[in-house]
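I opened this notebook to record what I looked up in one structure. The entries follow the order in which I made the look-ups.

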Amino acid sequence: MTRSERLNRVAGHAENEQNEASSQLAALQQRLDAQETRLADLREYLANYHRELDQARQGEVKASWLKNYATFLDRLKQAVDQQENQVQAARHDYERQLQVWKEKRSRTQAIAKVADRRRRQEARDEDRAEQRATDDLVLGNSLYRSI
């Protein structure tokens with residue numbers, strides 16, 4: 001097995017690792033998107049409920065209702081805060097995996113480049129060897145004729 005063939009095997013392995021990292025990155029991107037969507041929904045709910053509270057305050061409302069509603073809004077705000085933490089964690093995981101993918105891609109490209117360079121060098125070496133063999137054959141026939 002030539003060196004370029006061995007390098008091609010290594011390049012193939014590196015490409016498989018890059019593909020795996022790419023799959024993981026895609027899954028984390030989906031998770032991040034879902035977490036961000038959930039956060040946007042919770043923020044929208046919170047804003048809507050605040051508007052309802054403001055409208056209710058303009059009319060006659062029982063104090064107990066206002067207290068219960070305020071407690072509900074506090075819980076909803078806590079859910080928003082928790083979701084913000086989830087988004088931040090998902091974003092961190094995504095960015096970490098993006099870095100892993102970039103490193104694997106860079107490694108794959110470097111190995112492929114070395115393998116390609118080696119393949120071209122082996123082809124040049126083979127061409128030179130064939131040329132020498134041809135030259136030797138021609139030179140040998142010339143010497144044979146001159147004897």
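Entry 1, a tyrosine. I began with Y69 and found it buried, because its relative accessible area is 10%, under the 20% cut-off. The model in which I looked this up is a predicted one. I then turned to a ring partner of Y69, namely F72. The ring centres of Y69 and F72 lie 6.2 Å apart and their planes stand at 55 degrees, so I noted the pair as tilted. Y69 and F72 are 3 residues apart in helix 2, and therefore about one helical turn separates them. I recorded F72 as partly exposed, because its relative accessible area is 36%.

Entry 2, the ring pairs. How many aromatic pairs does the count come to? I found 4 aromatic pairs. One of them joins Y49 and Y69, whose ring centres are 6.2 Å apart with planes at 70 degrees, so this pair is edge-to-face; the cut-off for that class is over 60 degrees. This pair links distant parts of the chain, since Y49 belongs to helix 1 and Y69 to helix 2, with their positions 20 residues apart in sequence. I entered Y49 as partly exposed, because its relative accessibility is 29%. I also noted that ring pairs link Y49, W65, Y69 and F72 into a cluster.

Entry 3, the whole chain. I asked which elements make up the fold, and I found 2 helices and 0 strands in the protein chain. The radius of gyration is 34 Å, well over the 15 Å that the globule rule gives for 147 residues, so the chain is more spread out than a compact globule. Along its principal axes, the C-alpha trace spans about 125 × 20 × 15 Å. I looked up the extents of the helices as well: helix 1 covers residues 3-58, and helix 2 covers residues 63-146. Of the contacts between residues at least 6 apart in sequence, 86% join residues at least 24 apart.

Entry 4, surface and charge. Buried residues account for 20% of the 147 residues in the protein chain. The chain exposes about 11200 Å², and carbon and sulfur atoms supply 48% of that area. I then looked up the charges, of which 27 are positive and 25 negative; the mean positions of the two sets are 3 Å apart.

Entry 5, an arginine in helix 1. I chose R43, which is placed in helix 1. Is R43 buried or partly exposed? I recorded R43 as partly exposed, because its relative accessibility is 43%. Leaving aside neighbours within four places in sequence, R43 is in contact with V80 and E84. I also looked up the separation of R43 from Q29, which is 14 residues away along the chain, and found their C-alpha atoms separated by 21 Å.

Entry 6, an aspartate in helix 2. My last look-up was D93, placed in helix 2. D93 counts as buried because its relative accessibility is 19%, and the cut-off for buried is under 20%. Which residues does D93 touch, not counting those up to four places away in sequence? I found that D93 touches L28 and R31.

Terms used. Residues numbered from 1 in each chain as written. Predicted model: local features only at pLDDT ≥ 70, side-chain atom pairs only at ≥ 80, totals over all residues. Heavy atoms only, no water. Helix = DSSP H or I, 4+ residues; strand = E, 2+ residues; numbered from the N terminus. Buried < 20%, exposed > 50% of the residue type's maximum accessible area, 1.4 Å probe, protein only. Contact = heavy atoms within 4.5 Å. Rg over C-alpha atoms; globule rule 2.2 N^0.38 Å. Areas by Shrake-Rupley, 256 points an atom, 1.4 Å probe, with all protein chains shown as cover. Lys, Arg positive; Asp, Glu negative; His and termini not counted. Charge placed at Lys NZ, Arg CZ, Asp CG, Glu CD. Phe/Tyr/Trp six-rings, centres within 6.5 Å; stacked < 30°, edge-to-face > 60°.
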